[in-house]
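Here are some exercises to work through with the model open beside you. Each one comes with a solution to compare with your own.

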Amino acid sequence: MGDSAGESKLAGQFFDAAIGLLQQVRDGDSAEIAAAGAAIAEAVAGGNRLFAFGAGHSSLAAQDVVYRAGGLALMNLLVVPGVVGVDVMPATLGSALERVDGLAGAVLDSSPATAGDVLIIISLSGRNALPVEMAMNARALGLTVIGVTSVAYATETRSRHVSGTYLKDHCDIVLDSRIAVGDAELTHEGIEAPFAPASTVVTSALMQATLAAAAEDLVRRGIEPPLLRSGNVDGGHEWNGRVMTEYGDRIFYKH
């Protein structure tokens, strides 16, 4: 890719980096993605519930699969107040809350999550107290825990949880995003800090691939996946109304 007018060399490099990472997770995580899809399908088929959680920018990939056209209607966002994103002032408070012991337990105890449900926990580093404690407590409650994280952080950073462990150590299934420590794909002469993070692209792709695997598994079981349609296509609202009614006892974002 050249430097001709109207073309950015760095933009092209970012796309190349993101495509490379997507190929890595497609090839390297295929068995884990299939297993995660099967666990979700098992929960749907068995009358259980689905939850996704992420703090900070990891929350973006969780939100991306909740109340989504083309997505599973049963996926619920597990909300921890103050850590969903940059909606708190100052924004640094959200990062600080990720290191508070006891917060995850309090949230889980007051949530509808119960044994047999599936909880997807997204944390790029997997080193903060919140995702580690969330995974530990969820498994103690009998939930199936799917972790989406960069395993590299476990060898290149220190855990911030009292146990010294990481999210990956407390999951039934781990999807490795393979994002490098620091989450920035590009460097350039004259720019002091590395830039252009790809974790959102890759993590969201892992989530959508996992739900595609779940839909495939449900069809194999003879179950119509409870998917939502776009409200911007004819009949979409009626379709969604039927799905919401049929599965209303397992959908917590509509009340």
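## Exercise 1: a residue and its surroundings

Thr-187 is exposed, because its relative accessible area is 61% (exposed means over 50%, buried under 20%, partly exposed in between, with a 1.4 Å probe and protein chains only). This is a predicted model, where local features need pLDDT of at least 70, side-chain atom pairs count only at pLDDT 80 or more, and totals for chains, interfaces and linings use all residues. Residues are numbered from 1 along each chain as its sequence is written, and side-chain values use heavy atoms, with hydrogens and water left out.

Task: place Thr-187 in its strand and find its contacts beyond four places in sequence.

Solution.
- Step 1: Strand 6, residues 186-188, holds Thr-187 (strands are DSSP E runs of at least two residues, helices H or I runs of at least four, numbered from the N terminus).
- Step 2: Setting aside neighbours within four places, Thr-187 touches Pro-194 and Phe-195 (contact: heavy atoms within 4.5 Å).
- Step 3: Leu-10 is 177 residues away along the chain, yet its C-alpha atom is 9.0 Å from that of Thr-187.

## Exercise 2: an annotated span

Task: describe the span that UniProt labels "domain: SIS".

Solution.
- Step 1: The unreviewed UniProt entry puts this feature at residues 40-223; such annotations use the numbering here, have shortened names and may be inferred rather than shown by experiment.
- Step 2: Across residues 40-223, helix makes up 34% and strand 17%.
- Step 3: The end C-alpha atoms of the span are 13 Å apart.
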